[in-house]
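Work through the three exercises below with the model open. Each task is followed by a solution in steps.

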Amino acid sequence: MNSSQMEQTCLIVPREAFYTTQLAVFKLGANGYAVFCWLGFLGIVAASIFPVEKGFGFMVNIQFIEHDGSEHSVEVATGGSVMQAAVTNGVPGIDADCGGSCSCATCHVYVNEQWLGKVGELSPTEEAMLSLSTDRKDNSRLSCQIQVTEELDGLVVTTPEFQF
Ligand code: FES
């Protein structure tokens with residue numbers, strides 16, 4: 001077999017692979033999609049379920065209340081941080097100067113008491129940063145350290161006056 005025949009043989013394999021690959025997406029009610037992928041040339045079926053409400057990710061509502069009582073209700077996808085939810089929606093009082101690396105404390109919030117058990121534990125780094133704040137309260141958190149999960153749908157936090 002010369003080198004020209006080798007090239008032809010090698011080209012046939014990916015072409016066959018392409019024609020035997022199938023992808024099917026099924027909607028599962030209002031809350032998700034099932035995706036099946038058939039790679040015929042390898043004899044593989046891959047399947048996955050994506051919980052979806054709007055786009056790929058659950059949307060949750062977070063309410064930010066300013067020190068003067070002004071309210072900002074935002075809808076964000078799960079996966080980011082509460083700080084990102086505020087910044088991307090233009091909520092005042094969250095500067096996030098360090099971009100979320102837990103080193104500036106300009107994303108300080110007070111978590112509504114009923115949500116304290118759902119926002120996760122403070123890391124030693126977050127604890128250290130908060131200990132430098134004179135306006136720290138028992139429900140203080142750095143919003144960049146709170147991950148937005150489905151359980152936080154309806155979360156209420158207040159932004160401290162000193163961040164305005
Ligand atoms: S954004 Fe800097 S500590 Fe949260």
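**Exercise 1.** In this predicted model, find the residue with a positive phi in the hairpin of β4 and β5, and describe how the two strands pair.

*Solution.* Start at the turn: five residues lie between the strands of this hairpin, and G69 has a positive phi near 95°. Next, look at the strands. β5 covers residues 71–77, and its pairing with β4 is antiparallel, with seven bridges. As one example, N61 is bridged to E75 in β5.

**Exercise 2.** Sort the side chains of β4 by face, and state which strand pairs with β4 in the parallel sense.

*Solution.* In a regular strand, side chains alternate between the two faces of the sheet. Apply this to β4: V60, I62 and F64 point to one face and are buried. M59, N61, Q63 and I65 point to the other face and are not buried. The parallel partner of β4 is β8, joined through four bridges. Within that pairing, I62 has L155 as its bridge partner.

**Exercise 3.** Which elements give two or more residues to the largest nonpolar core?

*Solution.* First, find the core: it has 23 residues, and those with the most contacts inside it include I62, V82 and V157. Then assign elements: β4 (59–65), α2 (82–88), β6 (108–111) and β8 (155–158) each give two or more residues. The largest share, four residues, is from α2. Finally, check V157: beyond its neighbours within four places in sequence, its contacts include F64, V82, V109 and V111. In soluble globular proteins, nonpolar side chains tend to be buried together.

Terms used:
Residues numbered from 1 in each chain as written. Predicted model: local features only at pLDDT ≥ 70, side-chain atom pairs only at ≥ 80, totals over all residues. Core = buried A, V, L, I, M, F, W, Y, C linked by C-beta atoms within 7 Å. Buried ≥ 20, exposed ≤ 12 C-beta atoms within 10 Å, placed from the backbone. Contact = placed C-beta atoms within 7 Å. Pairing = 2+ DSSP bridges.
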